[in-house]
Amino acid sequence: MTAIETIRWVGDLEGRLELIDQTLLPTEFRMIECRDVGTVHEAIKTLRVRGAPAIGIAAAYGVCLGVQPLVNGDEGRFFARLEEVVGYLAGSRPTAVNLFWALERMKRAAAACRGRKSPREIAGALLAEAIAIHEEDRRICRAIGRQGAELLSDGQGVLTHCNAGGLATADYGTALAVVFAAVERGKRIHVYADETRPLLQGARLTTWELQQRGIPVTLICDSMAAQVMREGRVQATITGADRIAANGDTANKIGTYGVALAAAAHKIPFYIAAPQSSFD
């Protein structure tokens, strides 16, 4: 199966960020080069990059780009610029919890070096932290896939809503990671993807990802979910999560609630696949 690299850092301290422009999929595949923090801000704000984990990773690298002009300056100006960059990126998506989580991690990484290292060394620590956030998400995605694959059986139909695949994360996805891992183990899985209005993430992105990996997928309009369940085409439902409360209640893309009700009515398991950072 073909892996999808949604986000990548190219080069060293003076490097750049590259990411897939998801607004163009599925008709056009294009990588955007981000060489300054403004380009990252615009990419997050306009949904060129989307999905909670991917937004956090992009923001972390955005901090690195934002401080590049001051890596050879004095400490005071460097930290003033860091605060400016963090505040600027925080405004790109005010509702994205992972965005603020990643930005806080970057601030802590810099603060741990203050007064002990040069601005250039602190910038290096920031890049190392961004790479760590990126790698951690890769490991989490793979772990979600390994655990979730046990829940699916050979020949099952799986319904998903919105996009929770590699395009929303660093590597493997959350909800789609379960499907990918099951298929890699030799299980035959057929996915039913809700189109997910109003922005059609299911129609544009989920179906594209599955096709790239050669996994059978049927695109359905949102109102068809209950019908395909009634017809016995679906044996499990898996979605991602924007946020999970302490009691287990889950918030996700609009339309997920209706899918959950339909699954409950048809006695079909409904699973949430999410990283630790999604838990409040």
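Here's a quick walk through a small sheet, one serine and two cysteines in this structure. It's a predicted model, where local features need pLDDT of at least 70 and side-chain atom pairs count only at pLDDT 80 or more, while totals for chains, interfaces and linings use all residues. Residues are numbered from 1 along each chain as its sequence is written, and side-chain values use heavy atoms, with hydrogens and water left out.

Okay, the sheet. It's open, with three strands in the order E1-E2-E3 and antiparallel pairing. Strands here are DSSP runs of E, at least two residues, and helices are runs of H or I, at least four, numbered from the N terminus; two strands pair if DSSP finds at least two bridges between them. At the edges sit E1 (7–10) and E3 (31–34), each pairing on one side only. Four bridges join E1 to E2, residues 16–20, and Ile7 stands opposite Leu19 in E2.

Next, Ser277, in the segment after strand E10 (270–272). Leaving out residues up to four places away in sequence, Ser277 touches Asn98, Trp101 and Arg243, where contact means heavy atoms within 4.5 Å.

Last, the cysteines. How many disulfides does the count come to? Zero, with a disulfide taken as a pair of cysteine sulfur atoms within 2.5 Å. Why is Cys141 not bonded? Because its closest cysteine sulfur, in Cys162, is 15 Å away, too far for a bond. Cys141 is buried, at 1% relative accessible area, and Cys162 is buried too, at 8%. Buried means under 20% relative accessible area, exposed over 50%, partly exposed in between, with a 1.4 Å probe and protein chains only.
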